[in-house]
Amino acid sequence: KELRERRAAYESLHHATDRGDEALLPEAIARARRTGVDDDDVARAEAKLQELQSQTDEQRAAKAARELESRHRKEAFLLVKKDNVPALEALLDALGEGIRWQDWRDHAGRNL
């Protein structure tokens, strides 16, 4: 049972660290310490939390904008694959002025 708890704490710590989730990290770090997760892993998570907390509002906004654009790009290429023209047009029309969808490329380097 102890090993199972440590494994779950390790997984939640790495999940929170990889996602860069400032809300989940403190709880995951505390749980990892309680269950005896390796100190190096805990130190990495603490460094990530410190990095996230030191970001300015502009940096946070830029990160959120990049994540939103990434989600839109993935959705757009999925709509192209499904040949759903009306939904693709609606998605592209809903994009903000600063987003240049013409420059988007998929994993194979193809454009829309």
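## A pair in helix 1

Arg 6 and Glu 2 stand four residues apart in helix 1 (residues 2-19), so about one helical turn separates them. The model is a predicted one. In it, the two side chains form a salt bridge, and their closest N and O atoms are 3.7 Å apart. Arg 6 is partly exposed, with a relative accessible area of 30%. Glu 2 counts as exposed, at 59% relative accessibility.

## Overall form

The secondary structure of the protein consists of five helices and zero strands. Along the sequence this gives the pattern α-α-α-α-α.

The radius of gyration is 19 Å, whereas a compact globule of 112 residues would have one near 13 Å. Taken along the principal axes, the box filled by the C-alpha atoms is roughly 55 × 35 × 20 Å. Of the contacts between residues at least 6 apart in sequence, 48% join residues at least 24 apart.

## Surface and charge

Of the 112 residues in the protein, 24% are buried. The exposed area of the protein is about 8,300 Å², and carbon and sulfur atoms supply 48% of that area.

The protein carries 21 positive and 24 negative charges. The mean positions of these two sets of charges lie 4 Å apart.

## Other salt bridges

How many salt bridges does the structure hold? There are nine, and the pair of Arg 6 and Glu 2 described above is one such bridge.

Another salt bridge joins the side chains of Arg 60 and Glu 22, with an N to O distance of 2.9 Å. This pair links distant parts of the chain, 38 residues apart: Arg 60 belongs to helix 4 (residues 57-82), and Glu 22 to the loop between helix 1 and helix 2 (25-35). Arg 60 is partly exposed at a relative accessible area of 31%, and Glu 22 is partly exposed at 28%.

A further salt bridge is formed by Arg 100 and Asp 103, whose closest N and O atoms are 3.0 Å apart. Arg 100 is partly exposed, with a relative accessible area of 47%. The value for Asp 103 is 47%, and Asp 103 is partly exposed.

## Contacts of Thr 17 and Leu 49

Thr 17 has its place in helix 1. Is Thr 17 buried or exposed? Its relative accessible area is 17%, so Thr 17 is buried, the cut-off for buried being under 20%. Leaving aside residues up to four places away in sequence, Thr 17 touches Leu 25, Ala 45 and Lys 48.

Leu 49 lies in helix 3 (residues 39-53). With a relative accessible area of 12%, Leu 49 is buried. Which residues does Leu 49 touch, not counting residues up to four places away in sequence? They are Glu 22, Leu 25, Pro 26 and Ile 29. Leu 25 is thus found among the contacts of Thr 17 and among those of Leu 49. Leu 49 and Leu 25 are 24 residues apart along the chain, and their C-alpha atoms are separated by 6.5 Å. Glu 22, a contact of Leu 49, is the residue that forms a salt bridge with Arg 60.

## After helix 4 and after helix 5

Asp 83 is found in the loop between helix 4 and helix 5. What is notable about the phi of Asp 83 is its positive value, near 60 degrees, in a residue other than glycine. Most residues other than glycine have a negative phi. Asp 83 counts as exposed, at 62% relative accessibility.

Asp 106 is located in the segment after helix 5 (85-94). At 16% relative accessibility, Asp 106 counts as buried. How far apart in space are Asp 106 and Arg 73, C-alpha to C-alpha? The distance is 8.3 Å, for two residues that are 33 apart in sequence.

Technical notes: Residues numbered from 1 in each chain as written. Predicted model: local features only at pLDDT ≥ 70, side-chain atom pairs only at ≥ 80, totals over all residues. Heavy atoms only, no water. Helix = DSSP H or I, 4+ residues; strand = E, 2+ residues; numbered from the N terminus. Rg over C-alpha atoms; globule rule 2.2 N^0.38 Å. Buried < 20%, exposed > 50% of the residue type's maximum accessible area, 1.4 Å probe, protein only. Contact = heavy atoms within 4.5 Å. Areas by Shrake-Rupley, 256 points an atom, 1.4 Å probe, with all protein chains shown as cover. Lys, Arg positive; Asp, Glu negative; His and termini not counted. Charge placed at Lys NZ, Arg CZ, Asp CG, Glu CD. Salt bridge = Lys/Arg side-chain N within 4 Å of Asp/Glu carboxyl O.
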